Amino acid sequence: MQYLLNKYTAFLLCAAFIICVPSYAFAENLNDSNQQVFLAFERKLHDLLDSGMEPLNELNGEFDGKLGVKNLHKIVVSASQTFGRTSLAFAKLKVPSTLPDDIKASLGHIKVYFSTGFKELGESMDCYRQYMESRSPLLFEKFIEQRDKGVSHIDGALTSLSTVRMQLNPPKLKPNAWTVAKRHLYELQSFDAFEPVTR
């Protein structure tokens, strides 16, 4: 009887091994496929983020008083328009349908965070433009409020994106321009070496 029990146990172990190994390999291939799809979508998000921040790149090292009022005004108007277009681009971006439902839902929320963040940054730049023209302290406060909301939404989107990445465990991407652009947004608050813009 013991002999039959050992033989039966050995048979079950072999059968389980034969069944489990292909399933594991299939799951691993599926996960690798999900990682590739996720990485492609993540690249799109980062590309949009980087291109949305381009107008602020003109502010690199310009907060030492050398930037003229008209140039700053032009940069602020350009940033406002670019942020608005980027918000729409994030809203229109399609989440890949091949990803698992929980990942798709998370990426859908991340899209909304990015879109909302850029919309608020666009509004903040518009307030800053109006502030430059009128020197109204209320507009300056509104600029700071909208900027902080936008920065918070984009930081939240990036944090959530990192969380999704950890769920799928894909390799790391190169850093993006958000950190530099965020610093420029905060530097605008201290830039006061200009006269009101006249139209």
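Helix axes are lines fitted to C-alpha atoms over the stretch in contact, and the angles between their N-to-C directions run from 0 to 180 degrees. Helices themselves are DSSP runs (H or I, at least four residues), numbered from the N terminus. The model is predicted, so local features need pLDDT of at least 70 and side-chain atom pairs count only at pLDDT 80 or more, while totals for chains, interfaces and linings use all residues. Residues are numbered from 1 along each chain as its sequence is written, and side-chain values use heavy atoms, with hydrogens and water left out.

A good place to start is helix 4 (residues 101–134), whose axis comes within 7 Å of that of helix 5, with a crossing of roughly 160 degrees. Helix 4 is therefore roughly antiparallel to helix 5 (an angle over 145 degrees). In their contact (heavy atoms within 4.5 Å), 21 residues are nonpolar, 12 polar and 6 charged. Here Ala, Val, Leu, Ile, Met, Phe, Trp, Tyr, Cys and Pro count as nonpolar, Asp, Glu, Lys and Arg as charged, and the others, Gly among them, as polar.

Helix 5 (residues 137–168) also packs with helix 6 (residues 178–187), at an angle of about 165 degrees and with the axes 11 Å apart. This makes helix 5 roughly antiparallel to helix 6. Helix 5 contributes F143, R147, D148, V151, I154, D155 and L158 to the contact, and helix 6 contributes W178, K182, L185 and Y186. By class, these comprise 7 nonpolar, no polar and 4 charged residues.

Turning to a single residue, A91 belongs to helix 3 (residues 69–92). Beyond its neighbours within four places in sequence, A91 contacts K111 and S115.

Key:
Helix = DSSP H or I, 4+ residues; strand = E, 2+ residues; numbered from the N terminus. Parallel < 35°, antiparallel > 145°, perpendicular 65-115°, else oblique.
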